Amino acid sequence: MNVEPDLRHHGDAEVRSAGLVDLAVNVRTGTPPPWLRDRLAASLDTLAAYPDGTAARAAVAARHGRPVGEVLLTAGAAEAFVLLARVLRPRHAVVVHPQFTEPEAALRDAGHTVHRVLLAPEQGFRLLSGSVPEDADLVVVGNPTNPTSILHPAATLAELARPGRTLVVDEAFMDTDPGETESLAGTRDLPGRVVVLRSLTKTWGLAGLRIGYLLAPAGLVAELAAAQPLWPVSSPALTAAELCSAPAALAEADAAARSTALDREHLLKGLAQLPAVRVHGEPAASFVLIELPDAAAVRERLRTAGFAVRRGDTFPGLGPDWLRLAVRDRDTTDRFLTALAAAIG
Ligand SMILES: Cc1ncc(COP(=O)(O)O)c(C=O)c1O
């Protein structure tokens, strides 16, 4: 029997019981940094006024080299999925899986039929030419993709752009790739409509504040803005968007991405010592997807040993043999690898 995955399961559900070391949620540890926390605290002095997004929007636009009219600030990238689902009228919507499940859930909630394109582990979850049906007028793809950690070349994604098609690239984790070389955030000359979603909640530890944005042609931004409630992004969240788009913050995020890449190498080396564990493709983000037999039981044993990891079976295209692991500092990873070896038995 084919069981339909629970698209509304997210990693935060795996760490709600206290005391587990969190390898389930991909928010960077030690965040928000003190300087950001201080500025957010100072922004509370302005709470009596209604939010004004002018400065934040300008800062995001400048950061990506785009006109202000092509930026929409949202309550996390998650809000953008809902807005797109409510505003767009796709005839043939395609979601490339395995990927974050909210885009598909939001499209279904809005009454759209969603077609899944499944990328294969044997091909390293790479997007091959011809994978996406030619007549798809809405295509949603993640880059780098959660949970596979695969970074698609910008050129491969650009090839998906077509007149008459809206191509949505979820770049929620792009800032975990040093240099962001495969980002389409600053690209404005592709055919059709290209929408890039960004999140500020992972690198900056602002999941509870809710801040993200999308970049798209001005006409679509205006349509999506009209579907937003009044004042959807709070003043502290706007402060965060402005500050996290400044050059100093970008340099800090890039340094964090480089350090994450080293920590990821350490995790991958340790995983390579475990014969039961397989990693497909080349992970590029702040998490790693692994395949191992009986992963559900291993996950339970890890919980007993004090570690929360993200189940993989709620992602279309995966199943009970998959787990997603957040990249952590080396000490935490070493302790985790010892626990994982014991849990595999
Ligand atoms: C790939 C991906 N996109 C978007 C989101 C939503 O992020 P936000 O917290 O900005 O709403 C998440 C959250 O886990 C995610 O994993």
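**Exercise 1.** Which residues point one way from β3 and which the other way, and are they buried or exposed?

*Solution.* In this predicted model, begin with the two faces of the strand: A93, V95 and H97 point one way from β3, while V94 and V96 point the other way. As a general background, side chains in a regular strand alternate between the two faces of the sheet. Next, consider burial, for which the cut-off is under 20% relative accessible area: five of the five residues in β3 (residues 93-97) are buried, and the strand is accordingly described as mostly covered.

**Exercise 2.** Determine which strands pair with β3, and follow the chain from β3 to β4.

*Solution.* On one hand, β3 pairs with β4 (residues 114-118) in the parallel sense over five bridges, and V95 stands opposite R116 in β4. The chain crosses from β3 to β4 through helix α4 (residues 102-109), in a β-α-β crossover that is right-handed. On the other hand, three bridges join β3 to β5 (residues 138-142), again in parallel, and here V95 stands opposite V140.

**Exercise 3.** Place these strands in the sheet, and explain why one side of β2 and of β4 is left without a neighbour.

*Solution.* Seven strands form an open sheet of mixed pairing, in the order β2-β8-β7-β6-β5-β3-β4. Because β2 (71-74) and β4 stand at the edges, each has a single partner strand, and one side of each lacks a neighbour in the sheet. Further along the order, five bridges join β5 to β6 (residues 166-170), which run parallel, with V141 opposite V169. Finally, helix α3 (residues 76-87) lies across β2, β6, β7 and β8, running at about 150 degrees to β7.

Methods: Residues are numbered from 1 along each chain as its sequence is written. This is a predicted model: local features need pLDDT of at least 70, side-chain atom pairs count only at pLDDT 80 or more; totals for chains, interfaces and linings use all residues. Side-chain values use heavy atoms; hydrogens and water are left out. Buried means under 20% relative accessible area, exposed over 50%, partly exposed in between (1.4 Å probe, protein chains only). Helices (H or I, at least four residues) and strands (E, at least two) are DSSP runs, numbered from the N terminus. Two strands pair if DSSP finds at least two bridges between them. A crossover is right-handed if, with the strands pointing away from the viewer, the path from the first strand over the helix to the second runs clockwise. Contact means heavy atoms within 4.5 Å. Axes are lines fitted to C-alpha atoms, for helices over the stretch in contact, and angles run from 0 to 180 degrees between N-to-C directions.
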